[in-house]
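Let's explore a protein chain together, one question at a time. Take a look at it first, then try each question before you read on.

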Amino acid sequence: MNGRILHVVGTRPNFVKAAPVVAALRTAGCDQVLVHTGQHYDERMSDIFFRQLGLPEPDTDLGVGSGSHARQTADLLVALEGELTARDPDLVMVYGDVNSTLAAALVAAKLGMPLAHVEAGLRSFDMTMPEEVNRRLVDQLAELLFATSPEAIAHLAREGVDPARVHLVGNPMIDTLLTHVDHFDPAAARAAHGLPERYAVVTLHRPANVDDPEAAEAAARVLTEAARLLDLAVPLHPRGRAALGAAGLDGAPGVHVLDPLGYVEFMSLVRGAAAVITDSGGVQEETTVLGVPCLTLRTTTERPVTVTHGTNRLVGHAELVPALRKVLDGGQPAPDEGPPLWDGHAGPRIAAEVVRWLDHHV
């Protein structure tokens with residue numbers, strides 16, 4: 001087998017999804033290049049994840065950084081065009097639905113380079129979400145589409161994607177979780193952040209919850225009320241911390257606002273939590289496998305399997321506190337098993353399909 005694979009990652013969720021795929025392709029003897037766009041760029045949001053997940057040092061760090069969607073995507077397009085032209089890979093692999101993913105897909109298409117999309121077919125059907133725009137466009141450009149759950153297959157079929165290009169492989173994010181689960185230490189995490197034995201974890205970062213001042217105020221108000229039921233550990237991105245802090249969350253009784261955490265530290269907190277309140281897609285999946293009740297502060301989710309599985313519930317601001325009270329009273333039990341193929345072997349399944357594709361096309 002010949003052929004070079006170029007992976008493009010840019011944010012923490014990308015790193016978590018890419019780690020088992022890179023490892024499985026390394027075992028298969030593939031020639032790989034890892035490009036970090038620098039969309040998440042500080043040590044707490046990037047470097048520590050590479051170390052903890054066992055990802056190799058990136059061959060290139062483009063250092064694009066933050067900015068508006070238009071400016072960031074434009075910078076990514078320019079930087080990635082130069083990188084892909086210089087590296088000339090036989091297959092470009094992208095992960096998830098962030099701006100780095102979209103930019104790499106567009107550049108690969110313009111250069112005539114085949115594209116593989118890990119986590120294809122997820123749909124929230126909410127086009128106000130930038131991620132929904134990204135994932136729909138990427139799936140139309142991809143040669144290989146790796147789906148995490150059966151409903152993703154159905155979405156792609158309705159959109160006219162050739163079924164021969166689609167592969168149900170399971171969830172590589174869960175590979176990473178199961179690989180590291182024995183290192184998740186809730187007691188140490190509680191002690192490090194001064195938390196009582198019973199607490200909830202909160203993660204909010206989507207523009208609908210933190211960018212609009214009125215939305216941020218509503219979120220801060222309902223979280224302050226939730227903190228009367230139990231302490232809240234709230235690790236925040238810098239942008240979210242500024243918005244929610246200005247809305248009055250920082251300093252509220254029972255609210256522990258934390259800096260961004262490394263993967264093991266964050267998942268240790270989640271594993272020991274009585275509940276998780278989030279707007280993150282990946283956290284919905286991780287809590288599903290850990291059996292931790294999850295309340296998603298959104299009206300839609302691109303991961304409905306977490307809802308039908310019974311571990312996750314979509315809630316609005318008015319529903320959050322009553323739903324949290326119900327969880328704390330034991331009203332949201334977790335099933336014994338996770339969704340189909342969320343078994344820790346998605347990375348090897350993806351690698352097998354990639355090797356098969358390379359054998360036929362390179």
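Q: In which loop is L341 found?
A: Helices are DSSP runs of H or I with at least four residues, strands are DSSP runs of E with at least two, and both are numbered from the N terminus. With that labelling, L341 is found in the loop between α15 (317-328) and α16 (346-361).

Q: What is the phi of L341?
A: Before the number, a note: this is a predicted model, in which local features need pLDDT of at least 70, side-chain atom pairs count only at pLDDT 80 or more, and totals for chains, interfaces and linings use all residues. Residues are numbered from 1 along each chain as its sequence is written, and side-chain values use heavy atoms, leaving out hydrogens and water. L341 is not a glycine, yet its phi is positive, at about 70 degrees.

Q: Is L341 buried, partly exposed or exposed?
A: Buried means under 20% relative accessible area, exposed means over 50%, and partly exposed is in between (1.4 Å probe, protein chains only). The relative accessible area of L341 is 32%, so this residue counts as partly exposed.

Q: What about D88: is this residue buried or exposed?
A: D88 sits in the loop between α3 and β4. Like L341, D88 isn't a glycine but has a positive phi, here about 50 degrees. Its relative accessible area is 52%, so D88 is exposed.

Q: What is the strand order in the open sheet of seven strands?
A: Two strands pair if DSSP finds at least two bridges between them. In this sheet the pairing is parallel. β3 (60-61) and β7 (166-168) each have a single partner strand, so they stand at the edges with one side lacking a neighbour in the sheet. Reading across, the order is β3-β2-β1-β4-β5-β6-β7.

Q: Which strands does helix α3 touch in the sheet?
A: Contact means heavy atoms within 4.5 Å. Axes are lines fitted to C-alpha atoms, for helices over the stretch in contact, and angles run from 0 to 180 degrees between N-to-C directions. Helix α3 (residues 69-87) packs on the sheet, and its direction makes about 165 degrees with that of β1 (4-9). The strands it touches are β1, β2 (31-36), β3 and β4.

Q: Which residue in β2 is the bridge partner of V9?
A: β1 is largely enclosed by the rest of the structure, because five of its six residues are buried. It runs parallel to β2, and six bridges join the two. In β2, the bridge partner of V9 is H36.

Q: Which residue in β5 stands opposite M93?
A: Strands β4 (residues 91-95) and β5 (residues 115-120) pair in the parallel sense, over four bridges. Across from M93, in β5, is A116.

Q: Which helix gives the most to the largest nonpolar core?
A: A nonpolar core is a set of buried Ala, Val, Leu, Ile, Met, Phe, Trp, Tyr and Cys residues joined through side-chain atoms within 4.5 Å. The largest one has 52 residues, and M93, F146, Y263, L269 and V354 have the most contacts inside it. The top contributor, with eight residues, is helix α1 (residues 12-27).

Q: How many residues does another core, apart from it, have?
A: This separate core includes A219, L223, L297 and V327. Its total number of residues is 32.

Q: Why do F184 and Y263 count as an edge-to-face or a stacked pair?
A: Rings of Phe, Tyr and Trp (its six-membered ring) pair if their centres lie within 6.5 Å, with planes under 30 degrees apart counted as stacked, over 60 as edge-to-face and the rest as tilted. F184, in the loop between α7 (172-180) and α8 (186-193), and Y263, in helix α12 (residues 263-271), tie together parts that are 79 residues apart in sequence. Their ring centres are 5.9 Å apart and their planes at 70 degrees, so the pair is edge-to-face.

Q: Which residues form one aromatic cluster with F184 and Y263?
A: F184 is buried, with a relative accessible area of 3%, and Y263 is buried too, at 3%. Joining them in the cluster are F15, F49 and F50.

Q: What is the relative accessible area of E132?
A: E132 lies in helix α5 (residues 130-141). Not counting residues up to four places away in sequence, it touches L122, R123, S124, F125, D126 and M127. E132 is buried, with a relative accessible area of 0%.
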